Amino acid sequence: MDGSRQMPALLEVSGLSGSYGRVAALKPVDLRVEEGEFVTILGPNGAGKTTLLRAISRLVAGAGRVRFKGRDITGLPTHRLARLGIIMVQEGRGLFGEMTVHENLLLGAYGLGHRSEEIERRLEQVFDLFPKLRERATQVAASMSGGEQQMLAVGRALMAGPKLLMLDEPSLGLAPKVAAGILDTLGELNRNGLGILLVEQKAPLALKLAQRVYVLASGSVQAELPAQGIQSHHDLARFYFH
Amino acid sequence: MTLHASTFTRRGGRSYLAGAGALGIALLFALVFIKGGYLLTVMQLAMIYGVFCVGLNFFMGYTGQASFGQNAFAAIGGYGSAILCVQFGWEPVLALVASMAVAGIASLVVGYPTLRLRGHYLAMATFALGLITYDLSVQWTGLTQGYMGYSGIPPLGIGPFTVEDERMKLVCLTAILLLGLWISGRLRNSRFGRALRAISTSELGAAALGIRISRYKLAAFVIAALYASAAGSLFAHVVGFISPEVFGLQMVVVTFTMLYVGGVGTVLGPAIGAVIASLLPEIVRSTGRFQDTAYAAVLILMLIYAPKGLSALAGDGRKEG
């Protein structure tokens, strides 16, 4: 008998599909994220990347099994998944635009209830990570720049104390320098042990951070590769146009 | 620099508007209080409608859901107070509280299945709720006395203390409305209120943060029902008479108008809307045959020039850096 028990994956998805009404956007997909791992999902427009994240979060209907830290969480509603620590930063940031930065951050810590000391501690951590948010704390979220809004979206997700952070194209619509700054922060969070599942179209940025890459095209996984093995866009293109 | 200057001017302008608005309302109250007469009754009804609208604002404003059936809960409050006081000799305040409890339970029972619907479907379901309640109040004559309604409902009070003086009634109603506004303001900026407002912006986004959508919608619906019931009871005790027409479709239209004129989703908007929309028919009465046209024209102008409501002009419900 093998004495070393294998650690269960942080997230293990098997045969997960997703659909919008009768339209199937994601064919059955298998995927794993290990504890503290940075995994990126790459693929062209319409590949099913967003649907995959939304199916994991139960924001779209789907079939298949999802396990989190060895526990079967298939069928749990979205709010229960968030309480377990599966937090998603949606495409377009999903901020509450009419609320202030501070209110958005407090909503991130919703699951903490009235534990004000812990909320304050996390607020300080987020403000230390993104000092701009401290300056803009009383500002309405919708009035901030795209980069600041993305910082807020990530900051709000961190307020929830995620165990797995899923991000859907955080660089979308941002200047290259700002996008690089956001992704650098994600890298720093990962080095501190946070598991990250990133959907990204800007492959060069994402490949610098990721340990493993899934390539999605036409609603199914075309390849699973170590990120270091991918030298250029050309390595990926053959999967896009399979 | 220019941006800061314009922001300062805009904020200054809003503060000025808010101050002018508060002064205007204070002067109006003083005038009505001194002059008495019919306007006193109009203001009393404005305060009662204000209580109703503050509650409706929880569901429609903060949570962003549509309900055309809150008049059903006002009817429960009104008839509850009337029946308990006239038939069973209860103290008015106890009857009001008991009616609120009944309305709260009714809203839980009705809201649980109904709030699974969204958008237009929810609006239609709640509209049906109002129609059913109206029909019950007409047809269930053994309980409601049908079109005859209830008269001789005692004024608000408890034990030897009753509020019979018309001016004191206005003071009492104003105090109740202010209490309702205070609770609304406190809840809006609490964890609970933030969750409601998050649902209003994006249900999926709120759920992704761990907020249990169905529970919060139901809570907002119940709170709105409690306020509506209190307003219905207050109407019964202040006017002394109720009939099915009091809680009919007209109530839905009037309270919607008040909510949107004042500012849906703001704290003070429902109260401001109730006062303005109650006084407006009296102001345009001098136009004689054209008073309905004049009333509608003024409403349209308000909605064009203050689409987020009059209270939003003064910055209520917004925060800026």
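In chain A of this predicted model, six strands form an open sheet in the order β6-β7-β8-β3-β9-β10, and the pairing is mixed. Its edges are β6, residues 86–89, and β10, residues 220–226, each of which pairs on one side only. On average, neighbouring strands of this sheet are turned by 15° against each other, direction ignored.

Let me turn to one edge of that sheet. Strand β9 of chain A, residues 212–217, runs antiparallel to β10(A), and six bridges join the two. Within this pair, A:Arg212 has A:Pro226 in β10(A) as its bridge partner. A helix also packs on the sheet: α1 of chain A, residues 49–56, touches β3 (38–42), β6, β7, β8 (195–199) and β9 of chain A. The direction of α1(A) makes about 145° with that of β7(A).

Chain A has a further open sheet, of four strands, in the order β2-β1-β4-β5 and with antiparallel pairing. Here the edge strands are β2, residues 23–33, and β5, residues 71–72, of chain A, each pairing on one side only.

I shall go through this sheet pair by pair. β1(A) and β2(A) are antiparallel, with seven bridges between them. A:Tyr20 stands opposite A:Val23 in β2(A). The hairpin of these strands has two residues between them, and A:Gly21 takes a positive phi near 65° there. On to the next pair: β1(A) is joined to β4(A) by four bridges, in the antiparallel sense, and A:Ser14 has A:Arg65 in β4(A) as its bridge partner. Finally, β4 of chain A, residues 65–68, pairs with β5(A) over two bridges, also in the antiparallel sense. In that pair, A:Phe68 is opposite A:Arg71 of β5(A).

Which strands of this sheet does α1(A) lie across? They are β1 (11–20), β2 and β4 of chain A, and α1(A) runs at about 110° to β1(A). Helix α1(A) thus packs on the six-stranded sheet and also lies across strands of the four-stranded one.

Next, the domains of chain A. The domain assignment gives domain 1 as residues 7–85 together with 162–242, and domain 2 as residues 90–160. Their C-alpha centres lie 23 Å apart. To the contact between them, domain 1 of chain A gives 14 residues and domain 2 of chain A gives 11. On the domain 1 side, α2, β7 (164–168) and α7 (176–191) of chain A each supply at least two residues. The largest share of that side, three residues, comes from α7(A). By class, the domain 1 side comprises eight nonpolar, three polar and three charged residues.

How many residues of chain A are in contact with chain B? There are 26, and they meet 18 residues of chain B. Two elements of chain A give two or more residues to its side of this interface, namely α2 (78–84) and α3 (101–108). That side has 10 nonpolar, 12 polar and four charged residues. Helix α2(A) therefore appears on both surfaces, because it supplies at least two residues to the domain 1 side and gives two or more to the side that touches chain B, with helices counted as DSSP runs numbered from the N terminus.

I now come to chain B itself, which has 14 helices and four strands. Its radius of gyration is 20 Å, close to the 20 Å of the globule rule for 321 residues, so chain B is as compact as a globular protein of that length. Along the principal axes, its C-alpha atoms fill a box of roughly 70 × 50 × 40 Å.

Two helix pairs in chain B share α12, residues 269–283. Helix α11 of chain B, residues 249–262, packs on α12(B) at an angle of about 115°, with the axes 7 Å apart. The crossing is right-handed. Among the residues that meet are B:Val254, B:Met258 and B:Val261 in α11(B), with B:Ala271, B:Ile272 and B:Ile276 in α12(B). This contact has 10 nonpolar, four polar and no charged residues.

The other partner is α2 of chain B, residues 38–62, which packs on α12(B) at about 140°, again with the axes 7 Å apart. This crossing, too, is right-handed. Residues in the contact include B:Val42, B:Leu45 and B:Tyr49 in α2(B), and B:Val275, B:Leu279 and B:Glu282 in α12(B). The class count here is 12 nonpolar, four polar and one charged.

Key
Residues are numbered from 1 along each chain as its sequence is written. Chains are lettered from A and ligands numbered from 1 in the order in which they are written. This is a predicted model: local features need pLDDT of at least 70, side-chain atom pairs count only at pLDDT 80 or more; totals for chains, interfaces and linings use all residues. Two residues are in contact if their C-beta atoms, placed from the backbone, lie within 7 Å. Ala, Val, Leu, Ile, Met, Phe, Trp, Tyr, Cys and Pro count as nonpolar, Asp, Glu, Lys and Arg as charged, and the others, Gly among them, as polar. Axes are lines fitted to C-alpha atoms, for helices over the stretch in contact, and angles run from 0 to 180 degrees between N-to-C directions. A crossing is left-handed if the near helix is turned anticlockwise from the far one by less than a right angle, and right-handed if clockwise. Domain bounds come from an automatic or database domain assignment. Two strands pair if DSSP finds at least two bridges between them. The radius of gyration is taken over C-alpha atoms; the globule rule is 2.2 Å times the number of residues to the power 0.38.
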